[in-house]
Number of protein chains: 4
Amino acid sequence: MIVIDYRDRRPIYEQIVERFQELILKNVLEPDSQLPSVRSLAMDLSINPNTIQRAYVELERQGYIYSVQGKGSFVSENERLVLKKKEEILDEAVKLAKVAREFGMKKEEFIRVIIDEFGEVS
Amino acid sequence: MIVIDYRDRRPIYEQIVERFQELILKNVLEPDSQLPSVRSLAMDLSINPNTIQRAYVELERQGYIYSVQGKGSFVSENERLVLKKKEEILDEAVKLAKVAREFGMKKEEFIRVIIDEFGEVS
Amino acid sequence: MIVIDYRDRRPIYEQIVERFQELILKNVLEPDSQLPSVRSLAMDLSINPNTIQRAYVELERQGYIYSVQGKGSFVSENERLVLKKKEEILDEAVKLAKVAREFGMKKEEFIRVIIDEFGEVS
Amino acid sequence: MIVIDYRDRRPIYEQIVERFQELILKNVLEPDSQLPSVRSLAMDLSINPNTIQRAYVELERQGYIYSVQGKGSFVSENERLVLKKKEEILDEAVKLAKVAREFGMKKEEFIRVIIDEFGEVS
DNA sequence: GTGGTCTAGACCACA
DNA sequence: GTGGTCTAGACCACA
């Protein structure tokens, strides 16, 4: 479920964070289900437990998971998270559109590739 | 013309690279015009010359500038660079659209914010 | 494995880059095997770590190695690199042949020394 | 006759040296004919006279030209020079062939591109 | 421990 | 004066 790409320039803990975000937002990991323990995931991925720990701390900070003393880490409700994520995506889209405009791209040119990605009949 | 943001998480040399890219792509710095010398820019920005040097090396590697032994650094022709930059922007747009689609966003919702950015009548 | 020639006019970092290219292309250093750390190689060669770092950055840029945050530098797959290198060699051969022709050398004269190098029965 | 390419990474004086070598070896500049004066060539090329001076010194050192006090610089006999140049080219060819062999290239593969360059019927 | 960034300062080739 | 290379040494994020 989690795959580390060592050729990826991003730090390992960040890759883990992003992967869990994705799994949670897409509901693959359902609310209140338990995440693998730090130690077991560290074993599975042949990674330093500190690195997993760091990823979990970050996920908790962002509200993706919550931890229960002595029991483990669990997935949070994701409704708000999905909304937040969508906002982030739209913010990025606006920024990108701004840059595109500044470099003289036509609106049509820019939107064309997006429509293609979504599929003509959306 | 160049401003360093120390709160920015990106390294200084990278901020300098991006700023010059922008100035060159937008033709503020015209082809064959001379850049400030490594030393003078270092003085201006109160930054170590090595850091400026690193930025210039990177800009040369990317084709934005060329340096002449004992004379200085000069702006390259930017036609190709602009095209390349536009392609990069479109690539990013496609990636972003893909992510948006994966998180269940509607095409209209996504495109709306872009059209707003470009201005309704484009 | 790495030897610096101080009489060589090329900069130290470039000698290091070329030597590693050779070791990687010839499979002496196998894919995913770890390179010596910046610090340890600097110690071994009695060279400043910055110089080694510069060589590693260049090797990464050219695709010969990849570095992992906090873990070290590792050898990339070399298949593509070997093909690219062969192309470069052939390009050089063509250029040289062109110069030879321009200076009035006979094809036979030029090819003779090459056949000798490869060995008569190839 | 002399063109400086500022985008060329080689120093200006070196470009001048190489260009004169070529003109002399190809007999465009005939033995005992006079070279432009340092000052006039500097004017023509909009270059610092020191740079031209340096190129001429280097050409004299290599035997391509000789200077007469108060008269100027003149082209040397080029017979020996042509032979020497040819030897240099052959040396380079041998080196290149050696590298090609070390990287596992077949003799035929290497010679093919050379024959193509010379033209099938040589 | 490992790579990444930066400062301070030196020396070199070149124009 | 201009860029290019290198040393010495520091601090940071990451594993």
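**Chain A, its partner copies and DNA strand F**

Read from the N terminus, the elements of chain A go α-α-α-β-β-α-α. In this predicted model, that makes five helices and two strands for chain A. With a radius of gyration of 18 Å, chain A sits well over the 14 Å that the globule rule gives for 122 residues, so it is more spread out than a compact globule. Along the principal axes, the C-alpha atoms of chain A fill a box of roughly 55 × 35 × 25 Å. Just 21% of the 122 residues of chain A count as buried. As for contacts in chain A between residues at least 6 apart in sequence, 55% of them join residues at least 24 apart.

The chain also splits into parts. Chain A has a domain 1, covering 12-77, and a domain 2, covering 80-118. Taken over C-alpha atoms, the centres of these two domains of chain A are 30 Å apart. Where they touch, domain 1 of chain A puts in six residues and domain 2 of chain A puts in four residues. On the domain 1 side of that contact in chain A, three residues are nonpolar, two are polar and one is charged.

Next comes the way the chains are arranged. In general, a rotation about an axis and a shift along it relate two copies of a chain. Here, a turn of 179° and a shift of 0.1 Å along the axis lay chain B on chain A with an RMSD of 0.2 Å. That is the relation of a two-fold axis. Of the interface residues of chain B, 96% are also interface residues in chain A, so the copies meet through the same surface. Not every pair of chains is in touch, though: chain B and chain C do not touch, and their nearest C-alpha atoms are 10 Å apart. Chain A and chain D do not touch either, with 26 Å between their nearest C-alpha atoms.

Finally, there is the DNA. Around DNA strand F there are 29 residues, and the ones that come nearest are A:Ile12, B:Ser37, C:Pro11, C:Asn48 and C:Gly70. Several elements give two or more residues to the surface near this strand: helix H1 (12-25) and helix H3 (49-61) of chain A, helix H2 (38-45), helix H3 (49-61) and strand E2 (72-75) of chain B, and helix H1 (12-25) and helix H3 (49-61) of chain C. H3(B) gives the most to the surface near DNA strand F, namely four residues. By type, the surface near DNA strand F has 16 polar residues, 10 nonpolar and three charged.

How values were computed. Residues are numbered from 1 along each chain as its sequence is written. Chains are lettered from A and ligands numbered from 1 in the order in which they are written. This is a predicted model: local features need pLDDT of at least 70, side-chain atom pairs count only at pLDDT 80 or more; totals for chains, interfaces and linings use all residues. A residue is near a molecule or strand if its C-beta atom, placed from the backbone, lies within 6 Å of it. Ala, Val, Leu, Ile, Met, Phe, Trp, Tyr, Cys and Pro count as nonpolar, Asp, Glu, Lys and Arg as charged, and the others, Gly among them, as polar. Copies are superposed by least squares on the C-alpha atoms of residues with pLDDT of at least 70 in both. Two residues are in contact if their C-beta atoms, placed from the backbone, lie within 7 Å. The radius of gyration is taken over C-alpha atoms; the globule rule is 2.2 Å times the number of residues to the power 0.38. A residue is buried if 20 or more other C-beta atoms lie within 10 Å of its own, exposed if 12 or fewer, and partly exposed in between; C-beta atoms are placed from the backbone. Domain bounds come from an automatic or database domain assignment.
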